[in-house]
Amino acid sequence: MVVEFLDRILPGMDGEIAKQFQRILEKQGFAFKLGSKVTGVEMNSKALLAKIEPASGGAAETIEADVVLVCIGRVPYTDGLGLKEAGVALDARGRVQIDSHFATSLKGVYAIGDVVAGPMLAHKAEDEGVAVAEIIAGQAGHVNYDVIPGVVYTTPEVSSVGKTEEELKQAGVAYTVGKFPFTANGRSKVNQTTDGFVKILADAKTDRVLGVHIIGREAGEMIHEACVLMEFGGSAEDLARTCHAHPTRSEAVKEAVDALSPAMTLLVFAVPVVPLFPLKLVGLWLLAHEYWTGAFFTIVFGKLVGVGVTAFVFDVTRAKLLEMRWFERIYALVLRVRAKAAELVDPIKRRIRELIAGNGEGWSYRTLRMIQRFRKSVHQAR
Ligand SMILES: Cc1cc2nc3c(=O)[nH]c(=O)nc-3n(C[C@H](O)[C@H](O)[C@H](O)COP(=O)(O)OP(=O)(O)OC[C@H]3O[C@@H](n4cnc5c(N)ncnc54)[C@H](O)[C@@H]3O)c2cc1C
């Protein structure tokens with residue numbers, strides 16, 4: 001159970017990525033209590049008891065846990081260093097104030113890392129350390145704060161560099177979005193790690209890449225080609241025209257630029273299914289003229305191809321189609337209906353399993369046991 005004060009997870013990261021990350025984690029069994037605050041943790045002889053309240057106040061509840069992991073952020077640790085007394089100025093949040101050359105208000109004293117503004121990350125501190133050493137040595141040290149990658153080291157990983165969609169909207173920047181799901185990436189399909197997608201934000205006028213966000217296996221490794229591109233002020237087209245080895249997960253970064261708009265994707269989704277209508281008509285014609293065998297095989301063939309093609313195309317296009325609000329609503333409704341149907345069917349399935357597991361003899365039991373073994377072997381093979 002994750003308890004979060006805000007109404008979303010991964011604050012500061014791209015909202016769409018955060019939403020998808022939450023969905024994936026929920027599929028893994030995580031539960032989220034958003035807009036809630038922990039007001040205290042007590043311990044009894046068996047477990048830890050965390051008291052939770054709605055963030056805006058209200059009735060409290062207690063959650064029982066074996067382990068409580070507190071990760072509510074960090075603050076710069078500047079207390080007790082005598083900075084004020086020495087004449088080193090701090091800002092309102094207790095961070096050491098520096099100029100663009102890392103110099104504090106006290107001549108000869110420089111500051112870098114977690115005690116100064118910017119993301120509290122090891123690689124940011126390291127780059128600042130290099131820059132300040134160069135500056136002190138009389139060279140031109142510099143850190144590009146627009147290109148500091150951030151990674152969430154989970155399974156799957158989340159990585160991000162540059163601006164989020166929310167930041168661009170707030171700044172009034174006109175931008176384009178390119179996305180590519182790992183469900184359509186060959187390497188990911190083979191490795192059965194198809195969760196997630198790549199999202200690229202580029203300036204609508206200049207095509208310069210402004211932000212790249214990845215959710216998926218090895219996202220933390222994949223982000224660096226975007227960092228290099230952005231460090232050199234590269235465009236989305238530069239990325240699309242850079243040859244990527246096949247089959248690699250990084251291809252998804254290139255494909256995200258090439259990706260179609262949601263409306264075009266809908267067309268791609270519909271086109272393969274359209275030729276199946278004439279097939280169905282042929283089947284019905286054969287049926288009407290009493291060509292039973294021909295009708296049977298045509299209709300069954302049409303059904304199988306239809307289901308197969310729809311499943312494949314939907315698998316590939318789902319992430320893009322879900323960008324459309326109306327599609328997402330219908331999809332959510334279908335999932336809810338499916339969950340309800342599963343609730344009704346599950347007891348029957350359980351009963352069948354119990355019957356098969358019993359000592360029933362006769363051909364029907366033997367056939368069911370054979371089907372069960374076959375299904376198991378197919379699942380294992382997949
Ligand atoms: C649990 C945890 C996990 C993290 N994971 C990641 C991660 O996966 N990736 C990432 O990029 N970042 C991560 N970070 C953040 C990262 O560790 C920091 O951003 C980074 O270490 C900051 O470097 P720094 O040099 O500013 O500070 P620090 O690394 O904290 O170094 C400051 C040093 O100063 C010393 N010191 C303090 N007071 C005094 C004093 N009075 N006199 C002398 N020495 C003093 C301290 O002992 C310390 O060694 C993590 C942080 C935590 C707490």
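## The β9–β10 hairpin

In this predicted model, strands β9 and β10 form a hairpin with 5 residues between the strands. Within this hairpin, Asp207 adopts a positive phi near 70 degrees. The two strands are joined in the antiparallel sense by 6 bridges. Two of the residue pairs can be named: Val198 has Ile214 of β10 as its bridge partner, and Ile200 is matched with Val212 of β10.

Both strands of the hairpin are mostly covered. In β10, 8 of 8 residues are buried, while in β9 the count is 6 of 7.

## The five-stranded sheet

The hairpin belongs to an open sheet of 5 strands, arranged in the order β6-β7-β10-β9-β8 with antiparallel pairing. Its edge strands are β6, residues 150–152, and β8, residues 175–181, each of which pairs on one side only. From one strand to the next, the twist averages 10 degrees.

On one side of β10, the pairing with β7 is antiparallel and comprises 6 bridges. Ser159 has Ile214 in β10 as its bridge partner; Ile214 is likewise the bridge partner of Val198. Strand β9, residues 197–203, pairs with β8 in the antiparallel sense over 7 bridges. Among the residue pairs between β8 and β9, Gly178 is partnered by Ile200 and Lys179 by Lys199.

## Helices packed on the sheet

Two helices that pack on this sheet are α1 and α6. Helix α1, residues 15–28, touches β7 (157–162), β9 and β10 (209–216), and its direction makes about 0 degrees with that of β10. Helix α6, residues 219–231, touches β6, β7 and β10; its direction lies at about 10 degrees to that of β7.

The length of α6 can be checked against the expected rise. At 1.5 Å a residue, its 13 residues should span 18 Å, and the end C-alpha atoms are 19 Å apart, which agrees. The buried residues in α6 include Ala219, Met222, Ile223, Ala226, Leu229 and Met230. An α-helix has 3.6 residues a turn, so residues three or four places apart point the same way. Just after α6, Gly233 takes a positive phi of about 65 degrees.

## The environment of Val212

Val212 is located in strand β10. Is this residue buried or exposed? Val212 has 29 other C-beta atoms within 10 Å and is therefore buried, the threshold for burial being 20 or more.

Leaving aside residues up to four places away in sequence, Val212 touches Val161, Gly162, Ile200, Ile223 and Ala226. Of these contacts, Ile200 is also the bridge partner of Val212, and Ile223 and Ala226 are buried residues of α6. Thr164 is 48 residues from Val212 in sequence, yet the two C-alpha atoms are 8.0 Å apart in space.

## The three-stranded sheet

A further open sheet consists of 3 strands in the order β3-β4-β5, again with antiparallel pairing. Strands β3 (36–43) and β5 (61–65) stand at its edges; each has a single partner strand, so one side of each is left without a neighbour in the sheet. Neighbouring strands here are turned against each other by 30 degrees on average, direction ignored.

The pairing of β3 with β4, residues 48–54, is antiparallel and extends over 7 bridges. Within it, Val38 stands opposite Ile52 of β4.

## The ligand shell

Which residues are found around the ligand? The shell is made up of Leu81, Gly113, Asp114, Met120, Leu121, Ala122, His123 and Ala125. By class, these residues divide into 5 nonpolar, 2 polar and 1 charged.

Definitions and conventions. Residues are numbered from 1 along each chain as its sequence is written. This is a predicted model: local features need pLDDT of at least 70, side-chain atom pairs count only at pLDDT 80 or more; totals for chains, interfaces and linings use all residues. A residue is near a molecule or strand if its C-beta atom, placed from the backbone, lies within 6 Å of it. Ala, Val, Leu, Ile, Met, Phe, Trp, Tyr, Cys and Pro count as nonpolar, Asp, Glu, Lys and Arg as charged, and the others, Gly among them, as polar. Two strands pair if DSSP finds at least two bridges between them. Helices (H or I, at least four residues) and strands (E, at least two) are DSSP runs, numbered from the N terminus. Axes are lines fitted to C-alpha atoms, for helices over the stretch in contact, and angles run from 0 to 180 degrees between N-to-C directions. Two residues are in contact if their C-beta atoms, placed from the backbone, lie within 7 Å. The expected span of a helix is 1.5 Å times one less than its number of residues. A residue is buried if 20 or more other C-beta atoms lie within 10 Å of its own, exposed if 12 or fewer, and partly exposed in between; C-beta atoms are placed from the backbone.
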